[in-house]
Amino acid sequence: MMGNLAGTTEDLMQEDKEMIKDFFCYTPVKLVFGEGKINETGIYTSAYGKKAIIVTTGDYFREIGLVARLQNILKESGVDSIHYGEVNPNPLNTQIDAGAAAALTAGCDMVIGLGGGSAIDAAKGIAIVLGHDKPIWDFCMGDPVEDITDKTFPIIALTTTSGTGSECTQWSVITNKETAEKPGIGSDYTFAKVAIVDPELMYTLPEQATASTGFDTLAHAIEAYTAILSTPVTDLYCEQAIRLVGKFVRRAVKNGEDREARNGMAFANTLAGMAISVGVVTLCHGLAHSIGGVAGTIHGETLAAMTPATMRFSMKSAPNKFKNIAMFLRDEYPGTFSCSLEESLEEVESVINDLGLNTPLSKQGLREKDIEKAADGVIRYMGGSIENDPAMPNREDILQIIKDSF
Ligand SMILES: [Fe+2]
């Protein structure tokens with residue numbers, strides 16, 4: 001559909017003539033990518049410590065033997081380890097503090113996150129607590145918030161999803177059940193020293209988790225690409241990430257053992273993760289955190305419910321960027337394509353529908369009486385996502401976006 005927001009390839013040509021904007025870019029992660037790379041974990045991590053705490057969400061990876069396999073791989077390089085599986089999806093501050101206590105008792109000097117974003121985020125939290133001997137919540141919502149320093153223990157990340165990008169970012173998202181808050185924290189010291197991205201670990205990821213984490217990847221790429229903090233470097237990452245999602249996410253959901261699709265999505269996730277390390281995220285992620293804190297929703301599903309409304313709100317403020325999203329998702333190029341904002345919206349909605357993620361917030365557990373609380377949460381502790389959004393929404397705008405996605 002060509003709506004009245006239609007643009008032409010001339011817009012793209014015009015953008016090409018612009019000066020390169022000033023930018024800052026820092027993604028200090030030793031990245032190891034490829035099938036079977038878990039077998040090299042010991043080689044890459046032995047420089048950082050002698051005993052690791054391996055953090056997982058629950059005991060599934062222990063039960064299927066993956067934890068023991070990793071422990072043997074580490075042992076071959078002289079690294080001892082213990083396992084800690086007392087972490088929820090959406091890790092709790094109390095579980096992070098308990099993990100740090102277990103690591104301290106066992107004499108661990110580094111932290112390995114094995115899993116999706118929740119395990120890796122929890123690993124980062126444990127590394128912060130171990131380095132500073134203070135509860136993790138002091139670094140989230142303390143008054144004043146404690147600084148995360150170079151005392152943070154070394155972090156190693158092995159991702160089993162594609163994904164949250166956490167293995168490539170400094171960000172850690174932590175939930176406090178008592179306050180119903182879910183802030184994202186991070187510093188230069190919470191990047192993993194090493195990130196192992198092994199697509200083989202993703203073959204058994206269930207269909208629903210493949211869909212929701214796959215959409216998270218797309219949301220990261222769209223938000224970092226259209227963000228105030230976007231850079232010419234991260235724009236390249238985002239463009240390629242969106243193209244890969246357009247090509248492979250449906251295939252990865254349909255057949256988890258489609259090697260090419262898993263490989264493509266693993267790379268898309270890596271690129272989008274590096275992009276949000278620098279370009280960060282915008283309103284949709286800020287809302288997903290706040291709504292997740294209030295209603296305990298699944299991150300990727302919440303993003304899918306809200307991305308159309310946030311795109312519709314924000315795209316008029318960065319039309320040249322938002323128009324390109326349809327082109328990237330279709331894997332088309334300037335000169336062969338006429339683009340419009342409406343088409344970008346339709347392409348994203350098509351991904352949401354094809355992945356079975358078209359569930360409104362009301363059916364994900366958000367109650368109508370908590371809408372205002374969710375809006376206030378974004379403003380109170382995810383203000384950076386508002387300031388980084390090209391459209392700079394106010395409270396009324398945020399409330400309307402939640403209602404439109406409800
Ligand atoms: Fe995310």
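**Entry 1: Asp133**

I began with Asp133, which sits in the loop between helix H6 (117–132) and strand S5 (155–159). The model I am reading is a predicted one. I looked up the backbone angle of Asp133 and found a positive phi of about 55°, although Asp133 is not a glycine. Most residues other than glycine have a negative phi. I then checked the surface: Asp133 has a relative accessible area of 68%, so I wrote it down as exposed.

**Entry 2: Ala180**

I went on to Ala180, in the loop between strand S6 (172–173) and strand S7 (184–185). Ala180 is not a glycine either, and its phi is positive, about 55°. Is Ala180 buried or exposed? Its relative accessibility is 17%, and the cut-off for buried is under 20%, so I entered Ala180 as buried.

**Entry 3: the chain as a whole**

I stepped back to the whole chain. I noted 16 helices and 8 strands. The C-alpha trace spans about 65 × 45 × 40 Å along its principal axes. I wanted to know how the radius of gyration stands against that of a compact globule. For 406 residues such a globule would have a radius near 22 Å, and the chain has 20 Å, which agrees.

I also noted that 58% of the 406 residues count as buried. Among contacts with a separation of 6 or more, 79% are between residues 24 or more positions apart. The exposed area of the chain is about 16300 Å², and carbon and sulfur atoms supply 50% of it. For charges, I recorded 34 positive and 54 negative, with their mean positions 3 Å apart.

**Entry 4: the cysteines**

How many disulfides does the chain have? The count comes to 0. I looked at Cys25 to see why. The closest cysteine sulfur to that of Cys25 is in Cys238, 11 Å away, which is too far for a bond, because a disulfide needs the two sulfur atoms within 2.5 Å. From the side of Cys238, the closest cysteine sulfur is in Cys25, again at 11 Å and too far for a bond. I compared their surroundings as well: Cys25 is partly exposed, at a relative accessible area of 29%, whereas Cys238 is buried, at 0% relative accessibility.

**Entry 5: Val79**

I turned to Val79 and placed it in the loop between helix H4 (66–76) and strand S3 (80–84). With a relative accessibility of 1%, Val79 counts as buried. Which residues does Val79 contact, leaving aside neighbours within four places in sequence? I listed Ser46, Gly49, Lys50, Lys51, Ala52, Leu74 and Met110. I also took a distance from Val79 to Phe61, 18 residues apart along the chain: their C-alpha atoms are separated by 19 Å.

**Entry 6: Ala103**

My last stop was Ala103, in helix H5 (residues 93–106). Ala103 has 0% relative accessibility and therefore counts as buried. Not counting residues up to four places away in sequence, Ala103 touches Ile53, Ile82, Cys108 and Leu130. I finished with a distance from Ala103 to Ser277, which lie 174 residues apart along the chain; their C-alpha atoms are separated by 27 Å.

Notes
Residues numbered from 1 in each chain as written. Predicted model: local features only at pLDDT ≥ 70, side-chain atom pairs only at ≥ 80, totals over all residues. Heavy atoms only, no water. Helix = DSSP H or I, 4+ residues; strand = E, 2+ residues; numbered from the N terminus. Buried < 20%, exposed > 50% of the residue type's maximum accessible area, 1.4 Å probe, protein only. Contact = heavy atoms within 4.5 Å. Rg over C-alpha atoms; globule rule 2.2 N^0.38 Å. Areas by Shrake-Rupley, 256 points an atom, 1.4 Å probe, with all protein chains shown as cover. Lys, Arg positive; Asp, Glu negative; His and termini not counted. Charge placed at Lys NZ, Arg CZ, Asp CG, Glu CD.
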